[in-house]
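Q: Please take a close look at one buried position and the packing around it. A connected account is preferred to a list.

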Amino acid sequence: MIQSLIFDMDGTLFQTDKILEISLDDTFNHLRLLNEWDAETPIDKYRNIMGVPLPKVWEALLPNHSNEIRMQADAYFLNRLIENIQKGKGALYPNVKEIFSYLKENGCSIYIASNGLKDYLEAIVSYYRLDNWITETFSIEQIETLDKSDLVKKIIKKYDIKQAAVVGDRLSDINAAKNNHLIAVGCNFDFAQEHELAQADIVIDDLIELKTIVPTINNSLFI
């Protein structure tokens with residue numbers, strides 16, 4: 001039976017959209033003050049690449065800038081995100097705590113595997129007290145490859161996981177499941193792309209659906 005669920009954070013558990021635009025605007029206003037930007041904030045471009053590691057984000061958003069400027073933007077953006085989380089401007093998706101409680105009560109361990117940075121993830125986990133349910137949170141910073149498949153592999157190895165599902169909204173989550181021979185649950189939420197979700201084993205529109213999906217998967221594993 002499924003002993004573990006590995007969740008993505010942004011766009012799966014945490015409604016990043018609520019703080020994304022204001023944090024990105026703040027960052028590009030900062031770049032404007034430095035005379036490093038003179039156009040509109042590329043929010044739509046960021047939405048399209050949501051889910052990739054931040055170094056890749058800044059390569060895409062600032063393709064003509066130096067690594068030094070990208071690193072400055074990255075640090076500023078991270079600080080703004082954390083500040084907005086701590087001010088309560090973000091939100092979890094509906095039913096996160098309810099489904100976490102259900103999973104724990106039914107013997108499932110919960111992990112986070114995210115392309116987000118460690119301090120950012122810790123801010124979310126701390127503010128919403130998710131550590132009441134989560135066994136451990138893993139950041140892409142913890143592996144050299146910046147590949148979520150390798151991050152999930154790290155979780156599997158550390159906790160000797162045999163049967164699990166990866167729950168996430170983007171192709172990197174689906175691939176992380178497939179590459180590790182796990183079940184891929186795609187979340188049809190804010191940043192999801194239809195052609196990416198088509199590659200998932202199961203697609204949900206609300207996390208509460210896991211209440212029926214997990215028992216169904218477990219039953220099928222015994223057939």
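A: Contact here means heavy atoms within 4.5 Å. The model is a predicted one, in which local features need pLDDT of at least 70 and side-chain atom pairs count only at pLDDT 80 or more, while totals for chains, interfaces and linings use all residues. Numbering starts from 1 along each chain as its sequence is written, and side-chain values use heavy atoms, with hydrogens and water left out.

The position is T27, which is part of helix α1, residues 17-33; helices are DSSP runs of H or I with at least four residues, numbered from the N terminus. T27 has a relative accessibility of 0% and therefore counts as buried, the cut-off being under 20% relative accessible area, with over 50% exposed and the range in between partly exposed (1.4 Å probe, protein chains only). Setting aside residues up to four places away in sequence, T27 is in contact with W58, A73, Y76 and F77. T27 and R80 are 53 residues apart along the chain, yet their C-alpha atoms are separated by 7.8 Å.

W58, one of the residues that T27 touches, also appears in the description of the largest nonpolar core. Such a core is a set of buried Ala, Val, Leu, Ile, Met, Phe, Trp, Tyr and Cys residues joined through side-chain atoms within 4.5 Å. The largest one has 60 residues, and W58 is among those with the most contacts inside it, together with F7, F100, L130 and L207. Helix α4, residues 67-86, gives the most to this core, with 7 residues.

F100 is another of the residues with the most contacts inside the core. Beyond its neighbours within four places in sequence, F100 meets F7, L13, I110, L130, W133 and I134. F7 and L130 thus recur: both are contacts of F100, and both are listed with F100 for the most contacts inside the core. A second core, separate from this one, has 19 residues, including Y111, L151, V166 and A200.

Terms used:
Helix = DSSP H or I, 4+ residues; strand = E, 2+ residues; numbered from the N terminus.
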